[in-house]
Amino acid sequence: MKRLFSLSVLAAILSLVMHDAAGQDVKFDIVRHDLGVVKEGAGVVSHIFIFTNNGTAPLVVANVSTTCGCTATSYSRKPVMPGKRGEIRVNFDPANRSGVVSSNIYVVFDNGDRATFTLTGNVVPRERTIAEEYPVTAASGLRLDAADLFFGRVGQGTTKTIILGMANSSNKEITVAFSSDGKHIVAPGPVRIAPGEKLTVDVECNPGARNIYGVLDNVLTVSVSGIEAVRIPVKVFAIDNFAGIDRRKAPRALFGTEYEDMGILKARTVFTKEITVENRGRSPLAIRSVQTKGAVKSVTLRGGQTIAPGAKVTFTITLDTSKTGNITSIVTIFQNDPEQPIHEIRLCATVK
């Protein structure tokens, strides 16, 4: 009898661990798919990841995000009934890619369950002209292979590097210098490029320990022989450094919504939307930064707020209805949830 009791307790513990790690209500058929060899000129290729709702209540895909701009996702927001199957389509665009690529796809369901799966492949590039390989024309024969630099997610105290390619299409040697308007962007030193020469420089991003969070927009200025040639936009998503964190004890944010069509609104009238965020994790949820874009007048959620485990906070988004037409209000929230460090809320409406 005692042995049976121990086995029952052990089974219950294992059940809880499995639920915490993978989510008891959701099961994906596979969590990794290799596209194999993909020719760059072949166009977009897709794969469908299929999941089953093993729970007793309808299940809705709340949010899907990826780690690579080469992948896009599409999925239905309709509830998946118990015992039924749903799908998430991942589209991979091999354009301007080469070699081995890997993209993680993060899924959050409305019941709090989460899943991560990976799409990999090996892109075979096609031959390019110098204009295709270095499409950005600067000055004095300098050509660059990028018009902007997107670092993506960069953790506090970590360094991420982007390799910028350059070519000298003139018949004279040129000297190229760099400067940045952000301290977290480390510009390379001056370089000399011989006629017809191609080379690369490293541009680094390091938020350091300055507790910089959110979407950071900066400019890398490139000069040739002392004259400004081109200004390159730089974008960074500065988040927490989650290396070494025990994710079982981390905070877990669950927002009441991520998208809503507010319908038709009367111009120059105050309209608000209340949204609840719950911390379903085991440690405090810290709101690092709250940034707005589009027709947002104000948000009551603030960077620096902390939500205790098990607690909920309701905040208000006030829309700007001063202009008529279709409007989109975007609120981006940065937080210390390692599974969802960035959460975006979109509210759409037609103002008349």
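**A walk through the predicted model**

Averaged over the protein chain, pLDDT (the predictor's confidence in each residue, from 0 to 100) comes to 89, and 93% of the residues score at least 70. This is a predicted model, so local features need pLDDT of at least 70 and side-chain atom pairs count only at pLDDT 80 or more, while totals for chains, interfaces and linings use all residues. Numbering starts from 1 along each chain as its sequence is written, and side-chain values use heavy atoms, with hydrogens and water left out.

Helices (DSSP runs of H or I, at least four residues) and strands (E, at least two) are numbered from the N terminus. Helix 1 (residues 2-22) has the lowest mean pLDDT among the elements, 37, and strand 24 (residues 306-307) the highest, 98.

Now for a sheet. Four strands form an open one in the order 19-21-25-23, with antiparallel pairing; two strands pair if DSSP finds at least two bridges between them. Strand 19 (253-255) and strand 23 (296-299) are the edges, each pairing on one side only. Strand 23 and strand 25 (residues 312-319) run antiparallel, joined by three bridges, and valine 296 stands opposite leucine 319 in strand 25.

On to empty space. The largest pocket (an open set of points on a 1 Å grid over the protein atoms alone, where a 1.4 Å probe fits, with protein on both sides within 12 Å along at least five of seven lines) has a volume of about 2000 Å³; that volume is the space filled by probe spheres set on the points, which are joined across faces, edges and corners. Of its 46 lining residues (an atom within 4 Å of a point), Cys68, Gly69, Arg97, Phe150 and Gly152 are the closest to its centre.
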